[in-house]
Amino acid sequence: MAIRRSNKLPQTAVIKQILKRCSSLGRKQGYDSDEQGLPEDVPKGHFAVYVGEKRSRFIVPISYLTHPEFQSLLRRAEEEFGFDHDMGLTIPCEEVVFRSLTSMLR
C-alpha cells in the first residue's frame with residue numbers, strides 16, 4: 001500500500017505565505033509608513049482583512065492565525081479567491097459571522 005502525500009502546504013507554510021502576502025500588499029498600494037511598507041493604521045502584530053459583500057476592512061491580531069476557526073476561514077478564502085490578487089486578504093463570509101467569530105477569539 002503506497003503512502004499518499006497531500007499536495008497541500010503544511011500549516012506553517014500557509015501562515016507564512018499569508019503574512020508575506022499581507023505585508024507585500026502594503027508595498028503594492030504605496031504605503032511608506034515604516035520599513036515594512038505597511039499602512040499606518042495597522043499596528044505591529046496585526047494585519048488587515050476584507051470581509052463580506054461590501055469588503056469591510058478589519059484589523060486583526062496575527063495571533064488569530066493559530067486558531068482553527070480562523071484557519072478554516074483562510075482555507076475558504078484560498079479556495080475562493082487564492083492569494084495571488086491585488087484585493088487584499090478577503091474573507092468569504094458575512095460580516096456578522098466574522099464579528100461573532102473574532103469576538104470569541106479574544
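This is a dialogue between a learner and a teacher on how to read the features of one predicted model.

Q: Where in the protein chain is confidence lowest, and where is it highest?

A: Before reading any geometry in a predicted model, one looks at the confidence. Here the mean pLDDT of the protein chain is 75, and 58% of its residues reach 70 or more. Confidence is lowest in helix 1 (residues 11–28), at a mean of 56, and highest in strand 2, at 94. Over residues 24–35 the pLDDT is below 50, and this stretch has 15 contacts in the model beyond near neighbours in sequence.

Q: What pattern does the protein chain follow along the sequence?

A: One begins by listing the elements. The secondary structure comes to 3 helices and 3 strands, and reading along the sequence gives the pattern α-β-β-α-β-α. Of the 106 residues, 38% count as buried, and among contacts between residues at least 6 apart in sequence, 46% join residues at least 24 apart.

Q: In what order do the strands form the sheet?

A: The order of strands in a sheet need not be read from the sequence alone, so to speak, but from the pairing; in this model 3 strands form an open sheet in the order 2-1-3, and the pairing is mixed. The edge strands are strand 2 and strand 3 (90–91), each of which pairs on one side only. Strand 1 (residues 46–51) pairs with strand 2 in the antiparallel sense over 6 bridges, whereas strand 1 and strand 3 pair in the parallel sense over 2 bridges. As examples of partners, Phe47 has Val60 of strand 2 as its bridge partner, and Val51 stands opposite Ile91 in strand 3. In the hairpin of strand 1 and strand 2, which has 4 residues between the strands, Gly52 takes a positive phi near 80 degrees.

Q: Which side chains of strand 2 are buried, and which are not?

A: For a strand, one follows the side chains and asks to which face each of them points. Along strand 2 (residues 56–61) they alternate: Ser56, Phe58 and Val60 point to one face and are buried, while Arg57, Ile59 and Pro61 point to the other and are not. Pro61 is partly exposed, because its relative accessible area is 21% and the cut-off for buried is under 20%. Leaving aside its neighbours within four places in sequence, Pro61 is in contact with Gly45, His46 and Phe47; its C-alpha atom and that of Phe47, 14 residues apart along the chain, are separated by 6.4 Å.

Q: Why do the buried residues of helix 2 lie on the same side?

A: An α-helix has 3.6 residues a turn, so residues three or four places apart point the same way. In helix 2 the buried residues are Phe70, Gln71, Leu73, Leu74 and Ala77, and because they cover an arc of only 155 degrees around the axis, they lie on the same side of helix 2. The face turned away from this buried side carries the exposed residues Pro68, Glu79 and Glu80. Helix 2 (residues 68–81) has 14 residues and reaches 20 Å from its first C-alpha to its last, close to the 20 Å expected at 1.5 Å a residue. Just after helix 2, Gly82 takes a positive phi of about 75 degrees.

Q: What do the buried residues of helix 3 pack against?

A: The reading of faces used for helix 2 can be applied again. In helix 3 the buried residues are Phe98, Leu101, Thr102 and Leu105, and they line one face of the helix because they fall within an arc of 95 degrees when seen down its axis. Val96 and Met104 are exposed on the other side. The buried residues of helix 3 pack against strand 1, strand 2, helix 2 and strand 3.

Q: Which residues have the most contacts inside the largest nonpolar core?

A: A core is read through its members and the elements that supply them. The largest nonpolar core has 16 residues, and those with the most contacts inside it are Val49, Val60, Phe70, Ile91 and Phe98. Strand 1, strand 2, helix 2 and helix 3 (95–105) are the elements that give two or more residues to this core. Not counting residues up to four places away in sequence, Ile91 touches Val49, Tyr50, Val51, Gly52, Leu73, Leu74, Ala77 and Phe98. Ile91, found in strand 3, counts as buried at 1% relative accessibility. Val60, leaving aside its neighbours within four places in sequence, is in contact with residues including Val49, Phe70 and Phe98.

Terms used. Residues numbered from 1 in each chain as written. Heavy atoms only, no water. Expected span 1.5 Å × (residues − 1). Buried < 20%, exposed > 50% of the residue type's maximum accessible area, 1.4 Å probe, protein only. Arc of directions from axis to C-beta. Pairing = 2+ DSSP bridges. Contact = heavy atoms within 4.5 Å. pLDDT = per-residue confidence, 0-100. Core = buried A, V, L, I, M, F, W, Y, C linked by side-chain atoms within 4.5 Å.
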